[in-house]
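Reader: I should be grateful for a close look at one part of this model, taken strand by strand and side chain by side chain. Please give a connected account of that part and of what surrounds it.

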Amino acid sequence: MITGLDHIQLAAPPGTEDALRAYYADLLGMTEVPKPPALAARGGCWFEAGTARLHLGIEPDFRPARKAHPGLRVHGIDAFAARLTAAGATVTWDDALPGHRRFYSVDPAGNRLEFLEPQA
């Protein structure tokens, strides 16, 4: 029986950890959490915000997925989009999901991310 979602794992190319930290921690405001020592030697980094847990693992022949993505709930989506845009990130709005405002962007590795906020 499934009781919940523990985390989402995305991949990234070798040597991108600093760029990922700048994006996920500094720009998105997530908290980096230490990887267990047995996994830390593999590279990558883990982040959390609220109940969202995102693991970024290193993949030598990395190619970002074109469609697959995590959906991250945000509060104050307009300000969040403005923050990303000001940092040089592309923000692509999509109004196709009823009851939500949402946009897509990509991280420094090219991973597609969806940011959404339910509308009352």
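Author: A residue is called buried here when its relative accessible area is under 20%, exposed when that area is over 50%, and partly exposed in between. The model under discussion is a predicted one. With that cut-off in place, strand S7 can be described as mostly covered, since five of its seven residues are buried. The account below takes this strand as its centre.

The sheet comes first. S7 belongs to an open sheet of four strands in the order S5-S8-S7-S6, with mixed pairing. The edges of this sheet are S5 (71–73) and S6, each of which pairs on one side only. From one strand to the next the twist averages 30°. Helix H3 packs on the sheet and touches S6, S7 and S8, and its direction makes about 15° with that of S7.

Strands of a sheet pair through backbone hydrogen bonds, in either the parallel or the antiparallel sense. S6 (residues 92–94) and S7 run antiparallel and are joined by three bridges. In this pairing Thr92 stands opposite Tyr104 of S7. The two strands form a hairpin with five residues between them, and Gly99 in the turn has a positive phi of about 80°. On the S8 side, S7 pairs in the antiparallel sense over seven bridges. Here the bridge partner of Arg102 is Leu116 in S8. S7 and S8 also form a hairpin with five residues between them, and in this turn Gly110 has a positive phi of about 95°.

The charged side chains of S7 come next. Arg101 forms a salt bridge with Asp78, with the closest N and O atoms 2.8 Å apart. This pair links distant parts of the chain, as Arg101 lies in S7 (residues 100–106) and Asp78 in H3 (residues 77–86), 23 residues apart. Arg101 has a relative accessible area of 27% and is therefore partly exposed. Asp78, at 46% relative accessibility, likewise counts as partly exposed.

Arg102 takes part in two salt bridges, one with Asp94 at 3.0 Å from N to O and one with Glu114 at 3.1 Å from N to O. The pair of Arg102 and Glu114 connects S7 with S8 (residues 112–118), its members being twelve residues apart. Arg102 counts as buried because its relative accessibility is 12%, which is under the 20% limit. Glu114 is buried as well, with a relative accessible area of 7%. Asp94, in contrast, has a relative accessible area of 23% and is therefore partly exposed. Elsewhere in the model, Asp18, Arg21 and Glu32 are linked in a network of salt bridges. The count of salt bridges comes to six.

Aromatic rings also involve this region. In a regular strand the side chains alternate between the two faces of the sheet. Ring pairs link Phe80, Trp93, Phe103 and Phe115 into a cluster. Tyr104 has a charged neighbour: the charged end of Arg112 sits over the ring of Tyr104, 3.9 Å from its centre.

The surroundings of S7 extend to helix H1 (residues 17–27), whose buried residues are Glu17, Leu20, Tyr23, Tyr24 and Leu27. S7 is among the elements that cover these residues; the others include S1 (8–12), S3 (45–49), S4 (52–58), H3 and S8. H1 is followed by Gly29, whose phi is positive, near 85°.

The structure holds five aromatic pairs. In one of them the rings of Tyr23 and Tyr24 have their centres 5.0 Å apart and their planes at 80°, so the pair is edge-to-face. Tyr23 and Tyr24 are both buried. The rings of Tyr24 and Phe47 have their centres 5.4 Å apart and their planes at 25°, so this pair is stacked. Because Tyr24 lies in H1 and Phe47 in S3, the stacked pair ties together parts that are 23 residues apart in sequence. Phe47, like Tyr24, is buried.

To return to the strand itself, S7 is paired with S6 over three bridges and with S8 over seven, and H3 touches S7 as part of its packing on the sheet. Its side chain Arg101 reaches Asp78 in a salt bridge, while Arg102 meets both Asp94 and Glu114.

Technical notes
Residues numbered from 1 in each chain as written. Predicted model: local features only at pLDDT ≥ 70, side-chain atom pairs only at ≥ 80, totals over all residues. Heavy atoms only, no water. Salt bridge = Lys/Arg side-chain N within 4 Å of Asp/Glu carboxyl O. Buried < 20%, exposed > 50% of the residue type's maximum accessible area, 1.4 Å probe, protein only. Pairing = 2+ DSSP bridges. Contact = heavy atoms within 4.5 Å. Axes fitted to C-alpha atoms, helices over the stretch in contact; angles between N-to-C directions. Phe/Tyr/Trp six-rings, centres within 6.5 Å; stacked < 30°, edge-to-face > 60°. Lys NZ or Arg CZ within 6 Å of the ring centre and 35° of its normal.
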